[in-house]
Amino acid sequence: MLAADLVGVAVFAASGASAGVLKRLDLFGVAFVGFLAALGGGIVRDLVIGAVPPLAFADWRYAVTAVAASLGVFWFHPQLSRLRRPVLVLDAAGLGLFTVTGTLKALDAGVPAVGSCLIGMLTAIGGGLARDLLTGEIPVVLRREIYAVVALAGAIIVTILRGLGHASFWWLAAAALFITGVRLVALYRRWSAPVAAP
Amino acid sequence: MLAADLVGVAVFAASGASAGVLKRLDLFGVAFVGFLAALGGGIVRDLVIGAVPPLAFADWRYAVTAVAASLGVFWFHPQLSRLRRPVLVLDAAGLGLFTVTGTLKALDAGVPAVGSCLIGMLTAIGGGLARDLLTGEIPVVLRREIYAVVALAGAIIVTILRGLGHASFWWLAAAALFITGVRLVALYRRWSAPVAAP
Amino acid sequence: MLAADLVGVAVFAASGASAGVLKRLDLFGVAFVGFLAALGGGIVRDLVIGAVPPLAFADWRYAVTAVAASLGVFWFHPQLSRLRRPVLVLDAAGLGLFTVTGTLKALDAGVPAVGSCLIGMLTAIGGGLARDLLTGEIPVVLRREIYAVVALAGAIIVTILRGLGHASFWWLAAAALFITGVRLVALYRRWSAPVAAP
(Lines give C-alpha, C1' and ligand atoms only; values in the text may rest on other atoms or scores of the structure.)
Protein backbone atom coordinates (compact mmCIF):
# COMPACT_ATOMS: atom_id res chain seq x y z
CA MET A 1 0.00 0.00 0.00
CA LEU A 2 2.81 2.41 0.92
CA ALA A 3 4.62 1.46 -2.29
CA ALA A 4 1.53 2.34 -4.33
CA ASP A 5 1.20 5.61 -2.43
CA LEU A 6 4.80 6.54 -3.18
CA VAL A 7 4.29 5.79 -6.88
CA GLY A 8 1.46 8.32 -6.84
CA VAL A 9 3.71 10.82 -5.09
CA ALA A 10 6.50 10.32 -7.64
CA VAL A 11 4.18 10.77 -10.62
CA PHE A 12 2.53 13.91 -9.26
CA ALA A 13 5.96 15.30 -8.35
CA ALA A 14 7.12 14.66 -11.92
CA SER A 15 4.12 16.59 -13.29
CA GLY A 16 4.95 19.51 -11.00
CA ALA A 17 8.65 19.41 -11.85
CA SER A 18 7.87 19.36 -15.59
CA ALA A 19 5.78 22.51 -15.20
CA GLY A 20 8.66 24.09 -13.27
CA VAL A 21 11.20 23.23 -15.97
CA LEU A 22 8.93 24.69 -18.65
CA LYS A 23 8.68 27.94 -16.66
CA ARG A 24 12.52 28.10 -16.38
CA LEU A 25 12.52 27.77 -12.61
CA ASP A 26 15.87 26.96 -11.01
CA LEU A 27 16.80 23.66 -9.36
CA PHE A 28 15.20 24.61 -6.06
CA GLY A 29 12.05 25.92 -7.73
CA VAL A 30 11.61 22.70 -9.70
CA ALA A 31 12.02 20.60 -6.54
CA PHE A 32 9.64 22.82 -4.59
CA VAL A 33 6.87 22.78 -7.19
CA GLY A 34 7.33 19.01 -7.47
CA PHE A 35 7.05 18.66 -3.70
CA LEU A 36 3.84 20.69 -3.49
CA ALA A 37 2.30 19.06 -6.58
CA ALA A 38 2.85 15.65 -4.98
CA LEU A 39 2.05 16.46 -1.37
CA GLY A 40 -0.04 19.66 -1.37
CA GLY A 41 -3.34 17.79 -1.65
CA GLY A 42 -2.44 15.49 1.23
CA ILE A 43 -1.24 18.39 3.38
CA VAL A 44 -4.58 20.18 2.96
CA ARG A 45 -6.43 16.92 3.67
CA ASP A 46 -4.49 16.36 6.89
CA LEU A 47 -4.93 19.95 8.07
CA VAL A 48 -8.68 19.78 7.41
CA ILE A 49 -9.16 16.50 9.31
CA GLY A 50 -6.84 17.59 12.13
CA ALA A 51 -4.06 15.05 11.50
CA VAL A 52 -1.02 17.14 12.44
CA PRO A 53 1.76 17.10 11.52
CA PRO A 54 0.61 16.09 8.00
CA LEU A 55 2.02 12.83 6.64
CA ALA A 56 4.23 14.80 4.24
CA PHE A 57 6.19 16.08 7.24
CA ALA A 58 5.73 13.10 9.59
CA ASP A 59 7.14 10.40 7.24
CA TRP A 60 10.38 11.31 5.48
CA ARG A 61 9.81 8.82 2.66
CA TYR A 62 7.13 11.05 1.12
CA ALA A 63 9.32 14.15 0.89
CA VAL A 64 12.36 12.20 -0.28
CA THR A 65 10.35 10.45 -3.02
CA ALA A 66 8.86 13.73 -4.23
CA VAL A 67 12.21 15.52 -4.32
CA ALA A 68 14.01 12.59 -5.98
CA ALA A 69 11.38 12.40 -8.73
CA SER A 70 11.60 16.16 -9.24
CA LEU A 71 15.40 16.08 -9.53
CA GLY A 72 15.10 13.21 -12.02
CA VAL A 73 12.87 15.39 -14.19
CA PHE A 74 15.23 18.33 -13.81
CA TRP A 75 18.20 16.37 -15.16
CA PHE A 76 16.55 13.96 -17.60
CA HIS A 77 13.57 15.94 -18.91
CA PRO A 78 14.69 15.87 -22.58
CA GLN A 79 14.72 12.05 -22.49
CA LEU A 80 11.50 11.95 -20.45
CA SER A 81 9.48 13.85 -23.01
CA ARG A 82 9.20 10.58 -24.93
CA LEU A 83 7.47 9.06 -21.90
CA ARG A 84 4.37 11.23 -22.18
CA ARG A 85 1.98 8.30 -22.57
CA PRO A 86 3.18 6.22 -19.58
CA VAL A 87 3.17 9.36 -17.45
CA LEU A 88 -0.49 10.03 -18.29
CA VAL A 89 -1.35 6.46 -17.29
CA LEU A 90 0.56 6.80 -14.01
CA ASP A 91 -1.09 10.16 -13.37
CA ALA A 92 -4.51 8.50 -13.77
CA ALA A 93 -3.37 5.82 -11.33
CA GLY A 94 -2.32 8.52 -8.86
CA LEU A 95 -5.73 10.15 -9.25
CA GLY A 96 -7.47 6.88 -8.37
CA LEU A 97 -5.21 6.14 -5.44
CA PHE A 98 -5.22 9.60 -3.86
CA THR A 99 -9.01 9.82 -4.16
CA VAL A 100 -9.51 6.51 -2.37
CA THR A 101 -7.00 7.14 0.43
CA GLY A 102 -8.12 10.75 0.89
CA THR A 103 -11.80 9.82 1.16
CA LEU A 104 -11.10 6.95 3.56
CA LYS A 105 -8.93 9.07 5.84
CA ALA A 106 -11.64 11.72 6.04
CA LEU A 107 -14.33 9.12 6.84
CA ASP A 108 -12.07 7.50 9.45
CA ALA A 109 -11.53 10.94 11.03
CA GLY A 110 -15.30 11.22 11.52
CA VAL A 111 -16.05 13.71 8.73
CA PRO A 112 -19.63 13.27 7.41
CA ALA A 113 -20.22 11.78 3.96
CA VAL A 114 -20.52 14.92 1.80
CA GLY A 115 -17.48 16.51 3.44
CA SER A 116 -15.44 13.33 3.03
CA CYS A 117 -16.21 13.20 -0.69
CA LEU A 118 -15.05 16.80 -1.07
CA ILE A 119 -11.88 16.11 0.93
CA GLY A 120 -11.15 12.98 -1.13
CA MET A 121 -11.47 15.00 -4.33
CA LEU A 122 -9.32 17.83 -2.91
CA THR A 123 -6.61 15.32 -1.97
CA ALA A 124 -6.46 14.22 -5.59
CA ILE A 125 -6.61 17.65 -7.28
CA GLY A 126 -4.98 19.88 -4.62
CA GLY A 127 -1.43 19.22 -5.79
CA GLY A 128 -2.26 20.14 -9.37
CA LEU A 129 -3.94 23.34 -8.18
CA ALA A 130 -0.81 24.29 -6.18
CA ARG A 131 1.43 23.48 -9.17
CA ASP A 132 -0.56 25.76 -11.49
CA LEU A 133 -0.87 28.64 -9.00
CA LEU A 134 2.89 28.58 -8.27
CA THR A 135 3.71 28.69 -11.98
CA GLY A 136 1.30 31.53 -12.70
CA GLU A 137 -1.42 29.60 -14.53
CA ILE A 138 -5.17 29.41 -14.05
CA PRO A 139 -5.48 25.81 -12.80
CA VAL A 140 -5.98 23.44 -15.74
CA VAL A 141 -8.36 21.30 -13.69
CA LEU A 142 -10.80 24.23 -13.68
CA ARG A 143 -10.67 24.79 -17.40
CA ARG A 144 -11.00 21.59 -19.36
CA GLU A 145 -11.05 17.85 -19.37
CA ILE A 146 -12.82 15.45 -17.08
CA TYR A 147 -10.48 15.11 -14.12
CA ALA A 148 -11.84 16.40 -10.84
CA VAL A 149 -15.33 15.08 -11.61
CA VAL A 150 -13.90 11.58 -11.95
CA ALA A 151 -12.28 11.99 -8.56
CA LEU A 152 -15.56 13.22 -7.06
CA ALA A 153 -17.47 10.26 -8.50
CA GLY A 154 -14.81 7.92 -7.14
CA ALA A 155 -15.04 9.51 -3.70
CA ILE A 156 -18.81 8.96 -3.70
CA ILE A 157 -18.30 5.29 -4.61
CA VAL A 158 -15.79 4.86 -1.77
CA THR A 159 -18.19 6.50 0.68
CA ILE A 160 -21.03 4.20 -0.41
CA LEU A 161 -18.79 1.10 -0.22
CA ARG A 162 -17.75 1.99 3.30
CA GLY A 163 -21.36 2.75 4.30
CA LEU A 164 -22.30 -0.75 3.07
CA GLY A 165 -19.42 -2.29 5.02
CA HIS A 166 -17.47 -3.18 1.88
CA ALA A 167 -14.30 -1.22 2.67
CA SER A 168 -12.04 -4.26 2.26
CA PHE A 169 -8.78 -4.04 0.37
CA TRP A 170 -10.15 -5.61 -2.81
CA TRP A 171 -13.24 -3.43 -3.05
CA LEU A 172 -11.13 -0.31 -2.52
CA ALA A 173 -8.55 -1.43 -5.06
CA ALA A 174 -11.40 -2.00 -7.51
CA ALA A 175 -12.66 1.54 -6.83
CA ALA A 176 -9.19 3.00 -7.47
CA LEU A 177 -8.93 0.99 -10.69
CA PHE A 178 -12.38 2.19 -11.76
CA ILE A 179 -11.41 5.86 -11.24
CA THR A 180 -8.17 5.31 -13.14
CA GLY A 181 -10.03 3.59 -15.97
CA VAL A 182 -12.68 6.29 -16.33
CA ARG A 183 -9.97 8.95 -16.35
CA LEU A 184 -8.10 7.11 -19.12
CA VAL A 185 -11.26 6.70 -21.20
CA ALA A 186 -11.99 10.42 -20.71
CA LEU A 187 -8.48 11.24 -21.93
CA TYR A 188 -8.68 8.88 -24.91
CA ARG A 189 -12.11 10.06 -26.00
CA ARG A 190 -11.24 13.71 -25.23
CA TRP A 191 -14.30 14.13 -23.04
CA SER A 192 -14.60 17.62 -21.65
CA ALA A 193 -17.00 19.41 -19.34
CA PRO A 194 -19.31 22.09 -20.78
CA VAL A 195 -18.43 25.77 -20.71
CA ALA A 196 -21.16 28.36 -20.05
CA ALA A 197 -22.83 29.96 -23.05
CA PRO A 198 -21.40 33.46 -23.59
CA MET B 1 -29.36 32.30 11.92
CA LEU B 2 -28.41 29.33 9.73
CA ALA B 3 -30.74 30.65 7.01
CA ALA B 4 -28.94 34.00 7.05
CA ASP B 5 -25.58 32.23 6.95
CA LEU B 6 -26.65 30.21 3.90
CA VAL B 7 -27.80 33.38 2.12
CA GLY B 8 -24.28 34.75 2.58
CA VAL B 9 -22.83 31.50 1.23
CA ALA B 10 -25.10 31.60 -1.82
CA VAL B 11 -24.22 35.21 -2.64
CA PHE B 12 -20.47 34.73 -2.28
CA ALA B 13 -20.70 31.53 -4.35
CA ALA B 14 -22.50 33.48 -7.06
CA SER B 15 -19.73 36.08 -7.14
CA GLY B 16 -17.14 33.32 -7.51
CA ALA B 17 -19.14 31.51 -10.17
CA SER B 18 -19.57 34.74 -12.16
CA ALA B 19 -15.79 35.24 -12.18
CA GLY B 20 -15.40 31.64 -13.35
CA VAL B 21 -17.89 32.08 -16.19
CA LEU B 22 -16.09 35.25 -17.33
CA LYS B 23 -12.77 33.35 -17.41
CA ARG B 24 -14.38 30.59 -19.53
CA LEU B 25 -13.91 27.90 -16.88
CA ASP B 26 -15.84 24.68 -17.42
CA LEU B 27 -18.80 23.51 -15.32
CA PHE B 28 -16.56 21.99 -12.66
CA GLY B 29 -14.29 25.02 -12.52
CA VAL B 30 -17.25 27.35 -12.05
CA ALA B 31 -18.60 25.20 -9.22
CA PHE B 32 -15.18 24.93 -7.59
CA VAL B 33 -14.45 28.65 -7.68
CA GLY B 34 -17.96 29.28 -6.34
CA PHE B 35 -17.38 26.79 -3.52
CA LEU B 36 -14.08 28.38 -2.47
CA ALA B 37 -15.38 31.94 -2.84
CA ALA B 38 -18.25 31.08 -0.49
CA LEU B 39 -16.46 28.84 1.98
CA GLY B 40 -12.73 29.60 1.69
CA GLY B 41 -12.84 32.34 4.30
CA GLY B 42 -14.66 30.10 6.77
CA ILE B 43 -12.29 27.19 6.11
CA VAL B 44 -9.27 29.36 6.94
CA ARG B 45 -11.07 30.70 10.03
CA ASP B 46 -11.81 27.18 11.28
CA LEU B 47 -8.26 25.94 10.62
CA VAL B 48 -6.79 28.92 12.47
CA ILE B 49 -9.01 28.48 15.54
CA GLY B 50 -8.58 24.70 15.52
CA ALA B 51 -12.20 23.82 14.68
CA VAL B 52 -11.63 20.73 12.55
CA PRO B 53 -13.14 19.55 10.32
CA PRO B 54 -14.20 23.05 9.15
CA LEU B 55 -17.92 23.72 8.99
CA ALA B 56 -17.76 23.63 5.17
CA PHE B 57 -16.98 19.91 5.40
CA ALA B 58 -18.84 19.10 8.62
CA ASP B 59 -22.27 20.37 7.55
CA TRP B 60 -23.38 19.33 4.05
CA ARG B 61 -25.83 22.23 3.71
CA TYR B 62 -22.97 24.70 3.21
CA ALA B 63 -21.38 22.83 0.32
CA VAL B 64 -24.72 22.04 -1.32
CA THR B 65 -25.84 25.69 -1.10
CA ALA B 66 -22.57 26.93 -2.59
CA VAL B 67 -22.62 24.44 -5.46
CA ALA B 68 -26.32 25.00 -6.21
CA ALA B 69 -25.82 28.77 -6.38
CA SER B 70 -22.78 28.28 -8.65
CA LEU B 71 -24.70 26.00 -11.02
CA GLY B 72 -27.52 28.54 -11.11
CA VAL B 73 -25.04 31.19 -12.27
CA PHE B 74 -23.54 28.78 -14.81
CA TRP B 75 -26.89 28.18 -16.48
CA PHE B 76 -28.68 31.50 -15.99
CA HIS B 77 -25.86 34.04 -16.05
CA PRO B 78 -27.19 35.99 -19.07
CA GLN B 79 -30.46 36.64 -17.23
CA LEU B 80 -28.62 37.30 -13.96
CA SER B 81 -26.55 40.14 -15.37
CA ARG B 82 -29.64 42.32 -14.94
CA LEU B 83 -29.52 41.57 -11.21
CA ARG B 84 -26.25 43.41 -10.60
CA ARG B 85 -27.73 45.81 -8.08
CA PRO B 86 -29.48 43.26 -5.82
CA VAL B 87 -26.35 41.12 -5.92
CA LEU B 88 -24.23 44.00 -4.62
CA VAL B 89 -26.68 44.54 -1.78
CA LEU B 90 -26.63 40.84 -0.91
CA ASP B 91 -22.84 40.82 -1.09
CA ALA B 92 -22.73 43.67 1.41
CA ALA B 93 -25.09 41.67 3.62
CA GLY B 94 -22.76 38.68 3.36
CA LEU B 95 -19.83 40.90 4.32
CA GLY B 96 -21.62 42.03 7.46
CA LEU B 97 -22.74 38.56 8.43
CA PHE B 98 -19.44 36.76 7.83
CA THR B 99 -17.54 39.44 9.76
CA VAL B 100 -19.81 39.10 12.79
CA THR B 101 -19.86 35.28 12.86
CA GLY B 102 -16.13 35.00 12.12
CA THR B 103 -15.15 37.42 14.89
CA LEU B 104 -17.46 35.77 17.41
CA LYS B 105 -16.19 32.27 16.64
CA ALA B 106 -12.61 33.41 17.11
CA LEU B 107 -13.43 35.11 20.43
CA ASP B 108 -15.35 32.03 21.60
CA ALA B 109 -12.32 29.87 20.72
CA GLY B 110 -10.21 31.95 23.09
CA VAL B 111 -8.30 34.01 20.52
CA PRO B 112 -7.27 37.43 21.95
CA ALA B 113 -8.96 40.59 20.73
CA VAL B 114 -6.56 41.75 17.99
CA GLY B 115 -6.28 38.25 16.53
CA SER B 116 -10.07 37.82 16.59
CA CYS B 117 -10.57 41.05 14.65
CA LEU B 118 -8.09 39.86 12.01
CA ILE B 119 -9.77 36.45 11.80
CA GLY B 120 -13.22 38.05 11.49
CA MET B 121 -11.98 40.20 8.62
CA LEU B 122 -10.26 37.22 6.96
CA THR B 123 -13.51 35.23 7.19
CA ALA B 124 -15.25 37.95 5.24
CA ILE B 125 -12.59 38.62 2.58
CA GLY B 126 -10.88 35.19 2.33
CA GLY B 127 -13.34 33.82 -0.22
CA GLY B 128 -12.89 36.78 -2.53
CA LEU B 129 -9.11 36.42 -2.27
CA ALA B 130 -9.35 32.74 -3.23
CA ARG B 131 -11.69 33.56 -6.12
CA ASP B 132 -9.28 36.12 -7.58
CA LEU B 133 -6.15 33.99 -7.11
CA LEU B 134 -7.83 30.98 -8.80
CA THR B 135 -8.86 33.09 -11.77
CA GLY B 136 -5.43 34.68 -12.19
CA GLU B 137 -6.19 38.17 -10.90
CA ILE B 138 -4.49 40.34 -8.30
CA PRO B 139 -7.21 40.32 -5.58
CA VAL B 140 -9.60 43.24 -6.09
CA VAL B 141 -9.91 43.73 -2.34
CA LEU B 142 -6.23 44.79 -2.30
CA ARG B 143 -6.57 47.28 -5.10
CA ARG B 144 -9.55 49.52 -4.66
CA GLU B 145 -12.76 50.28 -2.88
CA ILE B 146 -13.53 50.24 0.79
CA TYR B 147 -14.33 46.62 1.53
CA ALA B 148 -11.90 44.92 3.90
CA VAL B 149 -11.56 48.02 6.05
CA VAL B 150 -15.31 48.00 6.64
CA ALA B 151 -15.03 44.37 7.73
CA LEU B 152 -12.14 45.21 10.06
CA ALA B 153 -14.08 48.10 11.63
CA GLY B 154 -17.06 45.80 12.07
CA ALA B 155 -14.89 43.15 13.73
CA ILE B 156 -13.60 45.74 16.18
CA ILE B 157 -17.17 46.78 17.03
CA VAL B 158 -18.16 43.15 17.64
CA THR B 159 -15.12 42.63 19.89
CA ILE B 160 -15.98 45.74 21.92
CA LEU B 161 -19.65 44.72 22.19
CA ARG B 162 -18.66 41.31 23.49
CA GLY B 163 -16.13 42.82 25.89
CA LEU B 164 -18.93 45.02 27.30
CA GLY B 165 -21.22 41.99 27.63
CA HIS B 166 -23.54 43.15 24.84
CA ALA B 167 -23.17 40.09 22.57
CA SER B 168 -26.91 39.48 22.43
CA PHE B 169 -28.64 38.67 19.15
CA TRP B 170 -30.00 42.17 18.64
CA TRP B 171 -26.73 43.97 19.24
CA LEU B 172 -24.93 41.60 16.88
CA ALA B 173 -27.61 41.96 14.22
CA ALA B 174 -27.25 45.72 14.54
CA ALA B 175 -23.48 45.38 14.05
CA ALA B 176 -23.99 43.27 10.90
CA LEU B 177 -26.50 45.81 9.59
CA PHE B 178 -24.06 48.64 10.32
CA ILE B 179 -21.25 46.91 8.37
CA THR B 180 -23.64 46.26 5.48
CA GLY B 181 -24.82 49.87 5.53
CA VAL B 182 -21.32 51.39 5.54
CA ARG B 183 -20.30 49.09 2.69
CA LEU B 184 -23.33 50.21 0.64
CA VAL B 185 -22.60 53.88 1.30
CA ALA B 186 -18.96 53.31 0.30
CA LEU B 187 -20.17 51.71 -2.95
CA TYR B 188 -22.69 54.44 -3.67
CA ARG B 189 -20.28 57.30 -2.94
CA ARG B 190 -17.40 55.46 -4.68
CA TRP B 191 -15.17 55.81 -1.64
CA SER B 192 -11.75 54.33 -2.21
CA ALA B 193 -8.60 53.93 -0.14
CA PRO B 194 -5.51 55.99 -1.01
CA VAL B 195 -2.75 54.64 -3.22
CA ALA B 196 0.89 55.47 -2.41
CA ALA B 197 2.45 58.45 -4.21
CA PRO B 198 4.68 57.22 -7.03
CA MET C 1 14.57 36.98 21.55
CA LEU C 2 11.14 38.52 20.99
CA ALA C 3 12.81 41.76 19.93
CA ALA C 4 14.87 39.92 17.31
CA ASP C 5 11.74 38.11 16.12
CA LEU C 6 9.88 41.40 15.71
CA VAL C 7 12.79 42.86 13.70
CA GLY C 8 12.42 39.92 11.30
CA VAL C 9 8.67 40.56 11.11
CA ALA C 10 9.19 44.25 10.38
CA VAL C 11 11.73 43.57 7.61
CA PHE C 12 9.64 40.93 5.89
CA ALA C 13 6.57 43.18 6.16
CA ALA C 14 8.54 45.98 4.52
CA SER C 15 9.47 43.69 1.61
CA GLY C 16 5.81 42.77 1.16
CA ALA C 17 4.64 46.35 1.43
CA SER C 18 7.22 47.48 -1.15
CA ALA C 19 5.89 44.90 -3.60
CA GLY C 20 2.37 46.16 -2.91
CA VAL C 21 3.33 49.78 -3.52
CA LEU C 22 4.99 48.82 -6.83
CA LYS C 23 1.78 47.05 -7.93
CA ARG C 24 -0.27 50.16 -7.10
CA LEU C 25 -2.27 48.47 -4.35
CA ASP C 26 -4.23 50.74 -2.04
CA LEU C 27 -3.43 51.39 1.62
CA PHE C 28 -5.26 48.29 2.79
CA GLY C 29 -3.68 46.10 0.11
CA VAL C 30 -0.18 47.27 1.06
CA ALA C 31 -0.83 46.53 4.74
CA PHE C 32 -2.34 43.13 3.94
CA VAL C 33 0.51 42.00 1.68
CA GLY C 34 2.96 43.23 4.32
CA PHE C 35 1.11 41.29 7.02
CA LEU C 36 1.14 38.04 5.04
CA ALA C 37 4.75 38.48 3.88
CA ALA C 38 5.82 38.84 7.50
CA LEU C 39 3.54 36.30 9.15
CA GLY C 40 2.40 33.89 6.40
CA GLY C 41 5.33 31.54 6.90
CA GLY C 42 4.76 31.39 10.64
CA ILE C 43 1.01 30.85 10.20
CA VAL C 44 1.63 27.84 7.94
CA ARG C 45 4.25 26.53 10.41
CA ASP C 46 1.83 26.79 13.34
CA LEU C 47 -1.04 25.15 11.42
CA VAL C 48 1.21 22.28 10.35
CA ILE C 49 2.49 21.60 13.88
CA GLY C 50 -0.95 22.06 15.42
CA ALA C 51 -0.20 25.22 17.40
CA VAL C 52 -3.56 26.98 17.13
CA PRO C 53 -4.30 29.82 17.09
CA PRO C 54 -1.05 30.70 15.28
CA LEU C 55 1.26 33.16 17.03
CA ALA C 56 0.34 35.83 14.45
CA PHE C 57 -3.19 35.86 15.92
CA ALA C 58 -2.36 34.92 19.52
CA ASP C 59 0.13 37.74 20.21
CA TRP C 60 -0.96 41.19 19.06
CA ARG C 61 2.62 42.51 18.89
CA TYR C 62 3.29 40.51 15.72
CA ALA C 63 0.34 41.91 13.76
CA VAL C 64 0.90 45.45 15.02
CA THR C 65 4.61 45.35 14.09
CA ALA C 66 3.84 44.01 10.61
CA VAL C 67 1.14 46.60 9.93
CA ALA C 68 3.22 49.49 11.33
CA ALA C 69 6.18 48.57 9.12
CA SER C 70 3.88 48.30 6.09
CA LEU C 71 2.34 51.71 6.74
CA GLY C 72 5.83 53.16 7.12
CA VAL C 73 6.70 51.87 3.65
CA PHE C 74 3.42 53.16 2.25
CA TRP C 75 4.14 56.73 3.39
CA PHE C 76 7.92 56.89 3.18
CA HIS C 77 8.77 54.59 0.28
CA PRO C 78 10.46 57.32 -1.84
CA GLN C 79 12.93 58.01 0.98
CA LEU C 80 13.30 54.29 1.75
CA SER C 81 14.49 53.41 -1.73
CA ARG C 82 17.91 54.70 -0.68
CA LEU C 83 17.93 52.09 2.07
CA ARG C 84 18.11 49.14 -0.31
CA ARG C 85 21.38 47.82 1.08
CA PRO C 86 20.44 47.83 4.80
CA VAL C 87 17.11 46.22 3.91
CA LEU C 88 18.89 43.35 2.16
CA VAL C 89 21.06 42.82 5.22
CA LEU C 90 18.03 42.85 7.52
CA ASP C 91 16.19 40.48 5.16
CA ALA C 92 19.12 38.05 5.41
CA ALA C 93 18.96 38.39 9.21
CA GLY C 94 15.24 37.60 9.08
CA LEU C 95 15.96 34.54 6.95
CA GLY C 96 18.43 33.24 9.55
CA LEU C 97 16.16 33.94 12.47
CA PHE C 98 12.94 32.53 10.99
CA THR C 99 14.75 29.37 9.88
CA VAL C 100 16.12 28.73 13.36
CA THR C 101 12.89 29.44 15.25
CA GLY C 102 10.75 27.55 12.70
CA THR C 103 12.92 24.45 12.81
CA LEU C 104 13.10 24.46 16.61
CA LYS C 105 9.34 24.85 17.02
CA ALA C 106 8.74 21.91 14.69
CA LEU C 107 11.25 19.72 16.56
CA ASP C 108 9.75 20.74 19.91
CA ALA C 109 6.29 19.79 18.58
CA GLY C 110 7.58 16.27 17.92
CA VAL C 111 7.91 16.47 14.12
CA PRO C 112 10.68 14.11 12.85
CA ALA C 113 13.96 15.52 11.54
CA VAL C 114 13.25 15.68 7.78
CA GLY C 115 9.83 17.21 8.32
CA SER C 116 11.22 19.77 10.77
CA CYS C 117 13.85 20.90 8.27
CA LEU C 118 11.13 21.39 5.64
CA ILE C 119 8.94 23.30 8.10
CA GLY C 120 11.88 25.50 9.14
CA MET C 121 12.56 26.35 5.52
CA LEU C 122 8.84 26.99 4.84
CA THR C 123 8.70 29.35 7.81
CA ALA C 124 11.46 31.42 6.25
CA ILE C 125 10.25 31.44 2.63
CA GLY C 126 6.46 31.15 3.09
CA GLY C 127 5.92 34.87 3.52
CA GLY C 128 7.80 35.70 0.32
CA LEU C 129 5.76 33.08 -1.56
CA ALA C 130 2.52 34.63 -0.29
CA ARG C 131 3.73 38.13 -1.22
CA ASP C 132 4.51 37.09 -4.80
CA LEU C 133 1.30 35.09 -5.30
CA LEU C 134 -0.84 37.99 -4.02
CA THR C 135 0.87 40.44 -6.38
CA GLY C 136 0.53 38.16 -9.40
CA GLU C 137 4.16 37.06 -9.76
CA ILE C 138 5.76 33.65 -10.06
CA PRO C 139 7.57 33.49 -6.69
CA VAL C 140 11.10 34.88 -7.01
CA VAL C 141 12.42 32.27 -4.59
CA LEU C 142 11.62 29.60 -7.20
CA ARG C 143 13.35 31.37 -10.04
CA ARG C 144 16.78 32.60 -9.08
CA GLU C 145 19.30 33.30 -6.38
CA ILE C 146 20.37 31.14 -3.47
CA TYR C 147 17.78 31.83 -0.82
CA ALA C 148 15.64 28.84 0.13
CA VAL C 149 18.58 26.46 -0.12
CA VAL C 150 20.44 28.52 2.48
CA ALA C 151 17.41 28.23 4.75
CA LEU C 152 17.25 24.47 4.19
CA ALA C 153 20.95 24.05 5.00
CA GLY C 154 20.47 26.15 8.13
CA ALA C 155 17.49 24.03 9.19
CA ILE C 156 19.63 20.89 8.83
CA ILE C 157 22.35 22.45 10.99
CA VAL C 158 19.80 23.35 13.68
CA THR C 159 18.40 19.82 13.63
CA ILE C 160 21.89 18.31 14.01
CA LEU C 161 22.78 20.74 16.82
CA ARG C 162 19.66 19.80 18.71
CA GLY C 163 20.26 16.08 18.09
CA LEU C 164 23.73 16.52 19.63
CA GLY C 165 22.27 18.35 22.61
CA HIS C 166 23.77 21.69 21.56
CA ALA C 167 20.53 23.66 21.31
CA SER C 168 21.71 26.37 23.71
CA PHE C 169 21.15 30.04 22.96
CA TRP C 170 24.70 30.68 21.73
CA TRP C 171 24.84 27.73 19.36
CA LEU C 172 21.48 28.71 17.88
CA ALA C 173 22.51 32.34 17.54
CA ALA C 174 25.65 31.15 15.76
CA ALA C 175 23.49 29.07 13.38
CA ALA C 176 21.29 32.08 12.62
CA LEU C 177 24.38 34.23 12.00
CA PHE C 178 25.83 31.54 9.74
CA ILE C 179 22.63 31.42 7.61
CA THR C 180 22.60 35.21 7.42
CA GLY C 181 26.26 35.29 6.43
CA VAL C 182 25.93 32.67 3.68
CA ARG C 183 22.91 34.50 2.30
CA LEU C 184 24.87 37.77 2.18
CA VAL C 185 27.84 36.12 0.47
CA ALA C 186 25.44 34.54 -2.06
CA LEU C 187 23.97 37.98 -2.73
CA TYR C 188 27.36 39.66 -3.03
CA ARG C 189 28.84 36.99 -5.31
CA ARG C 190 25.58 36.70 -7.28
CA TRP C 191 25.44 32.95 -6.75
CA SER C 192 22.45 31.38 -8.44
CA ALA C 193 21.04 27.88 -8.68
CA PRO C 194 21.19 26.06 -12.03
CA VAL C 195 18.29 26.08 -14.49
CA ALA C 196 17.46 22.95 -16.48
CA ALA C 197 18.95 22.66 -19.96
CA PRO C 198 16.28 23.45 -22.56
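This is a chat about how chain C meets chains B and A in a predicted model.

Me: Hi! Before we start, how are things numbered here, and what counts?
Reply: Residues are numbered from 1 along each chain as its sequence is written, and chains are lettered from A and ligands numbered from 1 in the order in which they are written. The model is predicted, so local features need pLDDT of at least 70, side-chain atom pairs count only at pLDDT 80 or more, and totals for chains, interfaces and linings use all residues, while side-chain values use heavy atoms, with hydrogens and water left out.

Me: Cool. How many residues do chain C and chain B bring to their contact?
Reply: Chain C gives 25 residues and chain B gives 30 residues. Contact here means heavy atoms within 4.5 Å.

Me: And how much area do those two bury?
Reply: About 2,200 Å², with 77% of it on carbon and sulfur atoms. Buried area is the accessible area (1.4 Å probe) that two parts lose on being put together, summed over both.

Me: Which residues of chain C lose the most area to chain B?
Reply: Those are Asp26(C), Phe28(C) and Phe57(C), which together make up 30% of what that side buries.

Me: How many salt bridges are there between chain C and chain B?
Reply: The count is zero. A salt bridge would be a side-chain nitrogen of Lys or Arg within 4 Å of a carboxyl oxygen of Asp or Glu.

Me: Which element gives chain C's side the largest share there?
Reply: H2(C) does, with seven residues. That helix spans 27-49. Helices (H or I, at least four residues) and strands (E, at least two) are DSSP runs, numbered from the N terminus.

Me: OK, switching to chain A. How many residues are in contact there?
Reply: Chain C gives 30 residues and chain A gives 25 residues.

Me: Which ones in chain C lose the most area to chain A?
Reply: Val48(C), Leu142(C) and Ala196(C), together 27% of what that side buries. The area buried between chain C and chain A is about 2,200 Å², and carbon and sulfur atoms give 77% of that.

Me: How many salt bridges between chain C and chain A?
Reply: Zero.

Me: Then which elements of chain C give two or more residues to that side?
Reply: H2, H6 and helix H7 (148-163). The largest share, nine residues, comes from H6(C).
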